[in-house]
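Here are some exercises to work through with the model open in your viewer. Try each task before you read its solution.

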Amino acid sequence: MTEFHPFAKYIQIIGKGPNLSRPLSEQEAYEAVGMILDGAVEPIQLGAFLCILRLREEVPEEGAGFVRALRDAIDRSAGGALTVSGADLDWPAYAGKKRQLPWFLLAALVLAQNGVRICMQGTENHTPGRIYAREALAALGLPIAGSLADAERHIAHRNFAYLPLRALLPRVQDIIELKPILGLRSPFNTFARQANPFKAPYQLLTVAHPAYADIHCAVAERIGQAHMAVFKGEGGEAERRPHKPVRVKSLHDSLISEEAWPPILNEGTAEADPDLTLGRLMAVWRGEEKNAYADAAVTGTAAVVLRLMGKAETPDDALSLARELWAARTKSRLGNAA
């Protein structure tokens, strides 16, 4: 009799049909993801595992197991050499933009210019026709970190680093790039963004589908993330949609709460920007292009971070402070670089 592959048991748990299948426990998810990251599964097993999980909404126990396994893989790759206090804010950028330029990058850079140490980690190339953070930052002339050590140096120099998932967890980037083959996103798309490589006390997340906000909050609580905010962002990125109200869910020391933020501009739906030339990012930063939408997206996004970090008592106060910081930015430099 042929012996079952060690990974087969995890597929059996989730794939035995509506009456016999069940979600993975946190420990089971941790073990399964660990095997995947170690390359100890067959390609057909990986495809089956990802597709079965995608058929239903993941549960927090599974998400916590995923994130624990990812964090342990990062720690092993770093060899214990990271400075845990190297970043204040973890900012995943995973979706890419297709309707608007990535104005959230300017929000991150103005916060960095005002002392917030940010690690932005993200992926690219999984969906055609989108602008990803990496290419936009390159257009702004900012370096891209090639390793965790690089990212730590960039944060020390300018309070900001962009660390591609390919440099952080190459196996996960490979899996995310299976989307055109599988035709589906996978749980790695959902949970890799919570990996938080520098263990920053604050984390900013966004979702394309509001139901995932509850899952992210529950996972964050289970894994001990101290502070987190999550909201539905423009195109799935951590960027306020200025014409829309937004509900921001927050986690502070295991307490989950929610705030309703009003629209910044007249309520409605903004049209897709017909000009996605990356050079416009620098033009807006320098004040060479006047753009009410961009200003509102930048300040609205920065306001969520300021509120998350306890630098403002209310959403209105946070937006006022964000506008002050944006108006006072040093237009001759990006971030905190000299």
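**Exercise 1: two helices that cross**

α5 and α14 are oblique to each other. Bear in mind that this is a predicted model.

Task: Work out how the axes of α5 and α14 cross, and which residues meet there.

Solution:
- Step 1. Find helix α5 at residues 104–113 and helix α14 at residues 292–308.
- Step 2. Look at the axes: they come within 8 Å and cross at roughly 50°. An angle between 35 and 65 degrees falls in the oblique class, so α5 and α14 get that label.
- Step 3. For the hand, look at how α5 passes α14: the crossing is right-handed.
- Step 4. Now pick out the side that α5 brings, which is F104, L106, A107 and L111. From α14 come V298, T301, A302, V305 and L306.
- Step 5. Sort this contact by class: eight residues are nonpolar, one is polar and none is charged.

**Exercise 2: the other partner of α14**

Task: Repeat the analysis for α14 and helix α15 (residues 315–327).

Solution:
- Step 1. The axes of α14 and α15 come within 8 Å, and they cross at roughly 120°.
- Step 2. Angles over 115 and up to 145 degrees count as oblique, so α14 and α15 are oblique to each other.
- Step 3. The crossing of α14 and α15 is right-handed.
- Step 4. On the α14 side, mark D295, V298, T299, G300, A302, A303, L306 and R307. They meet P315, A318, L319, L321, A322, R323, L325 and W326 of α15.
- Step 5. By class, the contact of α14 with α15 has eleven nonpolar, two polar and three charged residues.

**Exercise 3: into the core**

Task: Find the residues that touch the most other members of the largest nonpolar core, then list what W91 touches.

Solution:
- Step 1. A bit of background: in soluble globular proteins, nonpolar side chains tend to be buried together.
- Step 2. Here the largest nonpolar core has 59 residues, and those touching the most other members are L89, W91, W103, L106, M120, F160 and L204.
- Step 3. Which helix gives the most to this core? That's α14, with eleven residues.
- Step 4. Zoom in on W91 and skip residues up to four places away in sequence. W91 then touches F104, A107, A108, L111, I118, C119, M120, Q121, L204, A238, T301 and V305.
- Step 5. There is another core, apart from the largest one, with 58 residues; L53, C119, I155 and I215 are among them.

**Exercise 4: a mostly covered helix**

Task: Decide how many residues of α13 are buried, and say what they pack against.

Solution:
- Step 1. Helix α13 covers residues 279–286, and six of its eight residues are buried.
- Step 2. The buried ones are R280, L281, M282, A283, V284 and W285.
- Step 3. Their packing partners are α5, α6 (133–139), α14 and α15.
- Step 4. Step past the end of α13 and you hit G287, which has a positive phi near 80°.

**Exercise 5: far in sequence, together in space**

Task: For A95 and L182, say whether each is buried, partly exposed or exposed, and find their contacts far along the chain.

Solution:
- Step 1. A95 sits in the loop between β1 (89–93) and α5. Its relative accessibility is 13%, so A95 counts as buried.
- Step 2. The C-alpha atoms of A95 and G235 are 7.0 Å apart, although their positions lie 140 residues apart along the chain.
- Step 3. Beyond four places in sequence, A95 contacts H126, R130, Y132, G235, G236 and E237.
- Step 4. L182 belongs to helix α10 (residues 179–182). With 28% relative accessibility, L182 is partly exposed.
- Step 5. L182 and L50 are 132 residues apart along the chain, with 9.0 Å between their C-alpha atoms. Past its neighbours within four places, L182 contacts G47, L50 and C51.

**Exercise 6: positive phi without glycine**

Task: Where are K199 and D253, and how accessible is each?

Solution:
- Step 1. K199 is not a glycine, yet its phi is positive, about 55°. It lies in the loop between α11 (187–191) and β4 (202–207).
- Step 2. K199 has a relative accessible area of 42%, so it is partly exposed.
- Step 3. D253, also not a glycine, has a positive phi of about 50°. Its loop runs between β6 (246–252) and β7 (255–261).
- Step 4. At 58% relative accessibility, D253 is exposed.

Notes
Residues numbered from 1 in each chain as written. Predicted model: local features only at pLDDT ≥ 70, side-chain atom pairs only at ≥ 80, totals over all residues. Heavy atoms only, no water. Helix = DSSP H or I, 4+ residues; strand = E, 2+ residues; numbered from the N terminus. Buried < 20%, exposed > 50% of the residue type's maximum accessible area, 1.4 Å probe, protein only. Contact = heavy atoms within 4.5 Å. Axes fitted to C-alpha atoms, helices over the stretch in contact; angles between N-to-C directions. Left-handed = near helix turned anticlockwise from the far one by under 90°. Nonpolar A, V, L, I, M, F, W, Y, C, P; charged D, E, K, R; others polar. Core = buried A, V, L, I, M, F, W, Y, C linked by side-chain atoms within 4.5 Å.
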